[in-house]
Amino acid sequence: MNSSFQSICVYCGANPGFSPVYQDAALQLADELSQAGITLVYGGSSVGLMGILADRVLANGGKVIGVIPQALVDKELAHEGLTELHVVESMHARKAKMAELADGFIALPGGMGTLEELFEMLTWAQLGFHQKSCAVLNVDGFYEGLLSFLEGAISQGFIRDEHRHLLLNHNDPHTLLELMAAYEPPKQPKWINANET
């Protein structure tokens, strides 16, 4: 894949999930990143899908940058074999550093933390604070409920129709990276005028 990305931040679970399809997806995404020469930026943990993803990229000879708060280092969750590990003071600092280091953002399956990180980047994109692509790897329909929720929010006037494509999605890692490379940010900012949503 001919990609303009130097690095991509991947949000994902600190648990592996019950189904092996999630681990398989993490391995496939790791392979795609490695083959494209894209640096992985992630949360710096050695456990769950996070650890599986990082280990595979490293095994493939790729570059992995982790960002982790000191509180999680203290719990011995930090990955010790990364290309770079940034230890920061807080979760807020972690998200800001990851955003700074990445050219785009992908969410693999995960829980509350994964969603919180993804939606902060989506909100920043909506407000025009960055013009980087945001995406979900929709493994085995994992994100169908979330995508339906967003469509409902659009239909009820809480999200602008022109922001419909801020969140890219696909179930194939290679295709998802291609969609991200072709992404064009919305031409209009969120606040077109004070009387509109």
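This tour proceeds from the central sheet to one helix lying across it, and then to a single proline. The model on display is predicted.

**The sheet**

Begin by selecting the strands. Seven of them form an open sheet, in the order β4-β3-β2-β1-β5-β6-β7, and their pairing is parallel. Next, colour residues 84-88 and 167-170: these are β4 and β7, the edge strands, each of which pairs on one side only. Looking from one strand to the next, the viewer will find a twist that averages 25°.

**One pair of strands**

Now restrict the selection to residues 39-42 and 64-69, which are strands β2 and β3. Three bridges join this pair in the parallel sense. To locate a bridge, select L40, whose partner in β3 is V64.

**A helix across the sheet**

Add residues 112-126, which form helix α5. This helix lies across four strands: β1 (7-11), β5 (104-107), β6 (133-137) and β7. Relative to β6, helix α5 runs at about 150°.

**The proline P173**

Move on to residues 173-181, helix α7, in which P173 lies. Is P173 buried or exposed? Its relative accessibility is 4%, under the 20% limit, and P173 therefore counts as buried. Which residues does P173 touch, leaving aside those up to four places away in sequence? Select Q28, L29, E32 and L137 to display these contacts.

Finally, return to V64, the bridge partner of L40, and select it together with P173. Along the chain, P173 and V64 are 109 residues apart, and a separation of 18 Å lies between their C-alpha atoms.

Conventions: Residues are numbered from 1 along each chain as its sequence is written. This is a predicted model: local features need pLDDT of at least 70, side-chain atom pairs count only at pLDDT 80 or more; totals for chains, interfaces and linings use all residues. Side-chain values use heavy atoms; hydrogens and water are left out. Two strands pair if DSSP finds at least two bridges between them. Helices (H or I, at least four residues) and strands (E, at least two) are DSSP runs, numbered from the N terminus. Axes are lines fitted to C-alpha atoms, for helices over the stretch in contact, and angles run from 0 to 180 degrees between N-to-C directions. Contact means heavy atoms within 4.5 Å. Buried means under 20% relative accessible area, exposed over 50%, partly exposed in between (1.4 Å probe, protein chains only).
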